[in-house]
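Please open the structure in your viewer and keep the selection tool at hand. The tour below moves from one selection to the next and says what is found at each stop.

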Amino acid sequence: MEKKENKLGIRGSDTHSLMFNNVKVPKENRIGENGFGFNFAMKTLNGGRIGIASQALGIASGALEFSLKYSQERKSFGKEIFQHQAIQFKLAEMATKIDAARMLCFKAANLKDQGQDYTRAAAMAKLYASDVAMYSTVEAVQIHGGYGFVKEFHVERLMRDAKITQIYEGTSEIQKIVISRDLLKN
Ligand SMILES: Cc1cc2nc3c(=O)[nH]c(=O)nc-3n(C[C@H](O)[C@H](O)[C@H](O)COP(=O)(O)OP(=O)(O)OC[C@H]3O[C@@H](n4cnc5c(N)ncnc54)[C@H](O)[C@@H]3O)c2cc1C
C-alpha cells in the first residue's frame with residue numbers, strides 16, 4: 001500500500017493507492033468469462049452512483065439544516081438574518097434544489113429495485129445531487145458569514161466534503177457522456 005493521501009475533504013475516510021508489480025493471476029482465479037470485466041465494472045459504477053448521489057444529498061441537507069438554525073440565531077441590523085430577504089432566497093433555492101435532487105435519487109433507486117435499467121437515472125441523480133451539494137454548501141458558508149470559514153460551525157467541512165461527489169464514481173463530465181449516450185437509445 002502506498003502513502004495515505006492528504007485530502008481536501010472526506011478526511012474521516014482514509015485513501016491510499018495500491019501498487020501491483022509483476023503480479024500474475026492464474027486463469028482459474030479469473031472471475032467470469034473473458035470480456036466480462038468491463039460490463040461488470042460499469043454495472044457496479046451505476047449502483048455506486050446512487051450511493052454517491054445520496055451522499056451528496058445528505059451533505060446538502062446538512063448545509064440547509066445548519067443554515068436554517070444559524071439564520072434564526074444570528075442578528076444583523078436589528079433582526080435575525082433569516083428576516084433578510086437575501087437570506088430567505090438563498091434558503092428557498094437550497095430547499096428547492098435539495099428536493100429535486102431527492103426525487104432523482106428516489107427515481108434511480110426505485111428503478112434499480114424494480115430490476116429496470118437505471119443507467120441514465122443514476123447518472124442524472126449523481127450529476128444533479130453533487131452540483132446541489134456544492135451549491136448548498138457554498139451558500140451555507142456565505143450565510144454563516146465569517147463563522148462559515150471557521151471549523152467550529154461545520155459548514156466549511158461540508159463544503160470541502162461536497163467537492164468529491166462531483167469527482168468520484170465518474171466525474172460530472174462523465175455523467176453527461178453517460179446521459180447523452182443513453183438519450184440515443186430511446
Ligand atoms: C478520495 C477519492 C476516492 C476514490 N475512491 C475510488 C474508489 O474507491 N474506486 C475507484 O475505482 N476509484 C476511486 N477514486 C478515483 C476516482 O473515481 C477518479 O479520480 C475519478 O473517476 C476521475 O478520474 P481521474 O482522476 O482519472 O480524472 P481524469 O480522467 O484524468 O479527468 C480529469 C478531468 O478531465 C475530464 N475528462 C476526462 N475525460 C473526459 C471526456 N472524455 N470528456 C470530457 N471531460 C473529460 C474529467 O471530467 C476531469 O474534469 C477515488 C478518488 C478520490 C479522489
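What follows is a walk through a predicted model, with each stop built around a few residues to select.

**The ligand and its surroundings**

Begin by selecting the ligand together with the residues around it, which are Lys 7, Thr 15, Ile 164, Ile 167, Tyr 168, Glu 169, Gly 170, Thr 171, Glu 173 and Ile 177. Taken alone, the ligand exposes 970 Å², and the protein buries 34% of that area. Two side chains deserve a distance label here: an N or O atom in the side chain of Thr 171 lies 2.6 Å from an oxygen atom of the ligand, and for the side chain of Glu 173 the corresponding distance to a ligand oxygen is 2.7 Å.

Keep Thr 171 selected for a moment. Thr 171 belongs to the loop between α4 (155-164) and α5, and with a relative accessible area of 26% it is partly exposed. If you add Ser 130 to the selection, you will find the C-alpha atoms of Thr 171 and Ser 130 9.9 Å apart in space, although the two residues are 41 apart in sequence.

**Along helix α3**

Next, select residues 119-143, which make up helix α3. This helix has 25 residues and reaches 36 Å from its first C-alpha to its last, close to the 36 Å expected at 1.5 Å a residue. Is α3 mostly covered or mostly open? It is mostly covered, since 18 of its 25 residues are buried. Just after the helix, select Gly 145, which takes a positive phi of about 60°.

**Salt bridges, one at a time**

Side chains of opposite charge can pair when their charged atoms come close. In this model the count comes to twelve salt bridges, and three of the pairs make useful stops.

Select Lys 69 and Glu 73, whose closest N and O atoms are 3.2 Å apart in a salt bridge. Because Lys 69 and Glu 73 are four residues apart in helix α1, they are separated by about one helical turn. Lys 69 counts as exposed at 52% relative accessibility, whereas Glu 73, at 48%, counts as partly exposed.

Move on to Asp 117 and Lys 185, which form a salt bridge with their closest N and O atoms 3.6 Å apart. Asp 117 lies in the loop between α2 (85-113) and α3, while Lys 185 lies in the segment after α5 (172-183), so the pair ties together parts that are 68 residues apart in sequence. Lys 185 counts as exposed, at 57% relative accessibility.

Then select Lys 151 and Glu 156, whose side chains meet in a salt bridge at 3.6 Å, N to O. The two partners differ in cover: Lys 151 counts as exposed at 57% relative accessibility, and Glu 156 counts as buried at 12%. Before leaving the salt bridges, extend the earlier selection to Asp 117, Arg 120, Asp 182 and Lys 185, which are joined into one network by salt bridges that share partners.

Glu 156 merits a second look, with helix α4 displayed around it, as this is where the residue is placed. Adding Arg 160 to the view brings up a polar contact of 2.9 Å between the side chains of Glu 156 and Arg 160.

**Two residues with positive phi**

Most residues other than glycine have a negative phi. With that in mind, which phi does Phe 77 have? Phe 77 is not a glycine, yet its phi is positive, at about 50°. Phe 77 is placed in the loop between β1 (75-76) and β2 (79-80), where it is exposed with a relative accessible area of 81%.

Select His 154 next, which likewise has a positive phi, of about 70°, although it is not a glycine. His 154 sits in the loop between α3 and α4 and is partly exposed, with a relative accessible area of 34%.

**A nonpolar patch on the surface**

For the last stop, switch on a surface and select Met 1, Leu 18, Phe 20, Val 23 and Val 25, which form a nonpolar patch with about 620 Å² of accessible area together. Within this patch, centre the view on Leu 18, which is found in the segment before α1 (36-73). Leu 18 is exposed, with a relative accessible area of 56%.

Note on methods:
Residues numbered from 1 in each chain as written. Predicted model: local features only at pLDDT ≥ 70, side-chain atom pairs only at ≥ 80, totals over all residues. Heavy atoms only, no water. Patch = residues over 30% accessible without salt bridge, like charges linked within 9 Å, V, L, I, M, F, W, Y side chains within 5 Å. Areas by Shrake-Rupley, 256 points an atom, 1.4 Å probe, with all protein chains shown as cover. Salt bridge = Lys/Arg side-chain N within 4 Å of Asp/Glu carboxyl O. Helix = DSSP H or I, 4+ residues; strand = E, 2+ residues; numbered from the N terminus. Buried < 20%, exposed > 50% of the residue type's maximum accessible area, 1.4 Å probe, protein only. Expected span 1.5 Å × (residues − 1). Near = heavy atom within 4 Å. Polar contact = N/O pair within 3.5 Å; in protein donor to acceptor, adjacent residues only side chain to side chain.
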